[in-house]
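Here is a short walk through one protein model, strand by strand. Have a look at the sequence and the fold, then read on.

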Amino acid sequence: MSKPITTIGIIGTGAMGRGIAQIAAEAGLRVKMHDTREAAVSEAQAFISKLWSRAVEKQRFSQARADEMISLLEEARTLETMAECDLVIEAIVERVDAKQALFKQLEQILAEHAILATNTSSLSVTEIASACARPERVIGLHFFNPVPLMKIVEVIPGVKTDPEVTEAAEALGQRFGHFTAKTTDTPGFLVNHAGRAFGTEALRILSEGVTDHVTIDRLLKDQGDFRMGPFTLLDLTGLDVSHSVMESIYHQYYQEPRFRPSPLTGQRLAAGLLGRKSGEGFYRYDNGQAVLPEEPTAPSAKPIPVWISAEDTNANRALVRMVEAAGWELEAGNVPSDKALCLLTPYGEDTTDCALRQQLDPSRCVAVDMLAGLNKRRCLMTSPATLAVVRDAAHALFSYDGEPVSVINDSTGFVLQRVVACIVNVGADIAQQRVAEPEIIDRAVELGLGYPRGPLAMGEHYGSQRILTILENLLAATGDPRYRPSPWLRRRARLGIPLNVTSA
């Protein structure tokens, strides 16, 4: 185990295998590549060589260095020729039996010190290792596609993995220039586990008729600063991949409600609406570009008096400033007139419950999502009783300065509140389960999922107490245990301890 890693083997030279081979050679390692398909290795070598030629043209490095790296890529025509490898990474078909059979073969070939690594994204490292005579030298090294650009690798020791093997794997990932996220051998590991809330909650919102998928994407992208909306992401990944992952993790966690998939993806998968790859998914694609509807224009509406709930002091002040800037009449006092547009600022409540709880006329109430403030896309929410004239007046008011406005139907927690609260809650539970350390959770999610910040940092950004309130109100209104707050979140929010530290 103490022998330095100088030569590695890669079995399976598809997108993942060739990506790992590229970064290994760039790190100065000798790389032996094997694939059961004839010409697969030579194709991978040519692909990598072409990338390096472009890098030379762009003066990223010299031709001499490119030639040196090319010389490090060798074809291993048989498994036996990998005997001198210090570590072998498999990137073959995602089946336990196939990986176990391969590792059993390699155990007969490799030296005692050699490490067996699996690039599995969802299978149990412990189960793969269980077929080996020496499971202590088996570890998970889960890279993300495209490997050279996604600067993260999950390091997953199995139950019997030797600590020295884990240390060697972490050092190798760091030598590759990747962030090494050490995580326990749990379903979905860290990144795929943390990503369960984004798509599943968005699908639930869509299935409830709160609004359409385009509006959900716009709200999460514009309000939440996500790189892309969940339905754009589902189309990009492909439902043939995403749906199976959602179902797999849900069942591996014995039907944990937080990870519950939606019937919507199964239906669309059966219809062949896979996403970009099929030309149509949640969006229709023309020459690879999603066909998007026009942004709804604000209705023409005459100004009417505006009354603002004082339940949230900061939200009230921000709304007062906006109404005054728009030049609309502002009503003071604890009770609105019967002509007023009543603005509510709930967290985790719907417009109906918020209005009735404050003993207001629901027909004149519109709720405003203040979680992300008013300096970006604004989200208004009506109740089933809200008058059309009141809805249109609110839309016109919030569009006064040209900022886009989305109007949705009644929902416990708007769109952004629900999705963000679920992301934070899943991240908090990952910390509670000790899957990984808090700082690793946040950095891994930023790198692996492209979120604007990690789930625990996200909770701190929006306020852990506010996130807890949203979840508690969602749970009370729906009775659905998917919204039950994680003990990590609940305790720290009440104690005033940051989410992203283990203890005070």
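## A sheet and its neighbours

Strand E5 and strand E6 (residues 138–143) run parallel, paired over three bridges. Keep in mind that this is a predicted model. If you want a landmark on that seam, take Ala-117, whose bridge partner in E6 is Ile-139.

On to the other pairings. E5 also pairs with strand E4 (residues 87–90), again in the parallel sense, over four bridges. Here Glu-90 sits opposite Thr-118 of E5. To get from E4 to E5, the chain passes through helix H4 (residues 96–107), and this β-α-β crossover is right-handed. E4 in turn pairs with strand E1 (residues 7–11), parallel and over four bridges, with Leu-87 in E4 as the bridge partner of Ile-8.

Here are those three pairings side by side:

| Strands | Sense | Bridges | Example of opposite residues |
|---|---|---|---|
| E1 and E4 | parallel | four bridges | Ile-8 and Leu-87 |
| E4 and E5 | parallel | four bridges | Glu-90 and Thr-118 |
| E5 and E6 | parallel | three bridges | Ala-117 and Ile-139 |

So where do these strands sit in the whole sheet? The sheet is open and has eight strands, in the order E3-E2-E1-E4-E5-E6-E7-E8, with mixed pairing. At the edges stand strand E3 (73–75) and strand E8 (179–182); each has a single partner strand, so one side of each has no neighbour in the sheet. On average, neighbouring strands are turned by 25 degrees against each other, direction ignored.

Now for what packs on it. H4 lies on the sheet and touches E1, E4, E5 and E6, with its direction at about 165 degrees to that of E5. Helix H17 (residues 438–449) lies across strand E7 (152–157) and E8, running at about 125 degrees to E8.

Which residues of E5 are buried on each side? In a regular strand, side chains alternate between the two faces of the sheet. Strand E5 (residues 115–118) has Ile-115 and Ala-117 on one side and Leu-116 and Thr-118 on the other, and all of them are buried, so both faces are covered.

## A buried threonine in a loop

Further along the chain, Thr-345 lies in the loop between strand E12 (341–344) and helix H14 (351–357). Is Thr-345 buried or exposed? Its relative accessibility is 5%, and because buried means under 20%, Thr-345 counts as buried. Leaving aside residues up to four places away in sequence, Thr-345 touches Asp-312, Ala-315, Leu-319, Val-368 and Met-370.

Terms used:
Residues numbered from 1 in each chain as written. Predicted model: local features only at pLDDT ≥ 70, side-chain atom pairs only at ≥ 80, totals over all residues. Heavy atoms only, no water. Buried < 20%, exposed > 50% of the residue type's maximum accessible area, 1.4 Å probe, protein only. Helix = DSSP H or I, 4+ residues; strand = E, 2+ residues; numbered from the N terminus. Pairing = 2+ DSSP bridges. Right-handed = clockwise from strand over helix to strand, strands pointing away. Contact = heavy atoms within 4.5 Å. Axes fitted to C-alpha atoms, helices over the stretch in contact; angles between N-to-C directions.
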